[in-house]
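User: I'd like a close look at one part of this model, the main nonpolar core and what is built around it. Could you walk me through that and then place it among the rest of the chain?

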Amino acid sequence: DMDRILMTGHSMGGHGCFVFSVHNPDKLLASICAAPWTSQMRYAQSGKSPLSDMFSDGVMKARMAENAADYLAMNVRGVPFKVVYGSRDDNVPPQEPRYMAELVDAFNGRSGSTLISEIPKAGHWFGQNAPEMAEFLSNHLVPKPGHSSSLPLPSLPQTFEFTVPTVSSFGTKGNLKVLQLSDAARPGKLFVRRCAKLSMPSVKGGVSGCAVHAADTEDAGMRDDLWHIDTSNVRRFRFLDPPVNSRQLPQAIVVDGSEMNVSEMVGKQHHHACLVRQGTQGVLPLWKVCKDSTWEKLQRDGPQAGGGPYHNVLRKTRLCIAHGSGKGLADLAVHLANKLYFVSRYAVPVVDARPGRLHVPSVCQAANMIFLGHPEDNALLDRNRCAFPYVNFHNQSSSGFTVAGRVYKGAGVGLVGLGLLASGRLALVLTGTDGLGIAHATDRVPVTSFRDGADYLVLGQDAGWKGDGGALAGGYLDHLWRPSPTSSWAEPEHSVAVGPSAGFDGAPPDAHCAKVQASLLQSDAEISAAACMPFTFITAMTFVLPGIAFLML
């Protein structure tokens, strides 16, 4: 039963235990993590000087939140949790697991809610059948009285929050599944307050209140009348349908002040809650039930399309590398494939995509792709150039490329960019103004763990010694695969080194990709149309539960 999981792991697996737990809290019977560390930020401080400004450095490090269990500790509120470690552990300091225990306690609002076992005189390695572990595992594998042979999930807390840095790798909390973020560089957050029973509205038509608040000790099968949900940086979400075992859905929700009956979403394929108007000074946010499914296979983070950061190209599915005819590209492709094999332990096919010689093996036809070169010397990239609608490839590779209107054509400039193939798979383009630029881009493919990155990165000729400080542009893309105005940056090629800056070219988007760009805009029509509807500052909302109508002001 993959909806009832008892999680454990040791050392690196202990970190994995933490990470899985904060990603998938709805499915946990309990978690016991041994000799664990919480996040790379705490455990393996790099101590490097990025030679870059704090904004761009922060954007490139934003993806680290995905596996920072300490930052995400709120997600396991209400889950039985235990940490085990040796008192003489000189690999993972004992303060690491104790730190996580204190965080979970704080989010539970109850000291001692997380169990801690320190094994005397033990170092980093100890048997996984140690009594401190075996007893906890056994206790959560024995059915509770009154539940026959089933293993009930822990009760959902009266109030809880769910933080999701990247939608592709996170499950649910309270059956709530985040589908899309407003700004891909920032985590999305849901804050939920459960109301088991609503009181009757007053005779004068006042706001109905909560008569019975859901309690932490209640039966997990009880169905609530209403959930109040506040959001931060969430653009779309839905309820898991069918729900996780024994997790009942509420009858209605109020999202940032907008009311919806849950029956409008469950049992109806593709129906979900979508934000059609951002809240701002004097203007209330507006949520509605969206029904169109087109966005799912076109937009960034769509359930069928997937999304960034570009690390995701190396994940979850088969991967192939296709190189063009440019000098040294075949050797560079083999070097990258070998690196992926030696570090990540999987073999990656290399495809010769030179014009006139293209043959795509069947193993690569449904794979994620890495393209090396330029559309003029890489026939497969030319065929899929519209996977990267935010990039204008110039006619000659030596003439460079344009990103967000900014021209890059000096020596040694490279681009790493995320894209979406027509097949629904993800792609990575490694291109540049010359061989050195493409080599810089290839070096930034995140083969190893904890490598910074985003959705795209333009590297200047100094990237070899400046590291992140050698980046000219980069950041995240919005839901329509355009550079985000809030989480991306661009600067010109440095005129001190290359002469007069190329500046902006003022050219329209790539004419080859006009159809793709039109389809992307159309995929957001349901939200765009609703956003244009007239609004008032104060609205009245009525929703119906069985036999009772309520007025929300």
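Analyst: The largest nonpolar core takes in 69 residues, and the ones with the most contacts inside it are I321, I370, F371, F388, L430 and V458. Helix α6 is the top contributor, giving six residues to this core. Bear in mind that this is a predicted model.

F388 is a nice place to zoom in. Skipping its neighbours within four places in sequence, F388 is in contact with F371, L381, G417, L418, G419, A427, L428 and V429. Two of those contacts, G417 and V429, also face each other as bridge partners, with V429 sitting in β22. The strands involved there are β21 (residues 414-420) and β22 (residues 426-432), which run antiparallel and are joined by seven bridges.

Now step back to the sheet that β21 and β22 belong to. It's an open one with eight strands, ordered β16-β15-β17-β22-β21-β23-β24-β25, and the pairing is mixed. At the edges you find β16 (350-352) and β25 (483-490); each has a single partner strand, so one side of each has no neighbour in the sheet. Going from one strand to the next, the twist averages 15 degrees.

Two helices are worth tracing against this sheet. Helix α6 (residues 329-344) packs on it and touches β15 (319-323), β16, β17 (368-372) and β22, with a direction about 165 degrees from that of β15. Helix α8 (residues 435-443) lies across β17, β21, β22 and β23 (456-459), and runs at about 145 degrees to β22. So which strands do both helices meet? β17 and β22 are on the list for α6, and they turn up again for α8.

That's the main core; the chain has another one. A second, separate core holds 44 residues, including A73, V104, V167 and L275.

There is also more sheet structure elsewhere. Four strands make an open sheet in the order β6-β10-β13-β14, with antiparallel pairing. Its edge strands are β6 (176-181) and β14 (286-290), each of which pairs on one side only. Here the twist averages 30 degrees from one strand to the next. Looking at one end of that order, β13 (residues 272-277) and β14 run antiparallel and are joined by five bridges. One pair you can pick out is H272 with its bridge partner C290 in β14.

Then have a look at β7 (residues 188-198), which is joined by six bridges to the antiparallel β5 (residues 159-164). In that pairing, T159 stands opposite R193 of β7. β7 also pairs with β9 (residues 226-232), again in the antiparallel sense, over seven bridges, and V192 has I229 as its bridge partner in β9. Three bridges link β7 to β8 (residues 210-213), which is antiparallel to it; there, C195 stands opposite H213.

A word on confidence before you lean on any of this. The chain's mean pLDDT is 87, and 88% of its residues reach 70 or more. The pLDDT stays under 50 over residues 202-207, though, a stretch with seven contacts beyond four places in sequence in the model. It is also below 50 over residues 536-553, where the model has 50 contacts beyond near neighbours in sequence.

Methods. Residues numbered from 1 in each chain as written. Predicted model: local features only at pLDDT ≥ 70, side-chain atom pairs only at ≥ 80, totals over all residues. Heavy atoms only, no water. Pairing = 2+ DSSP bridges. Axes fitted to C-alpha atoms, helices over the stretch in contact; angles between N-to-C directions. Contact = heavy atoms within 4.5 Å. Core = buried A, V, L, I, M, F, W, Y, C linked by side-chain atoms within 4.5 Å. Buried < 20%, exposed > 50% of the residue type's maximum accessible area, 1.4 Å probe, protein only. pLDDT = per-residue confidence, 0-100.
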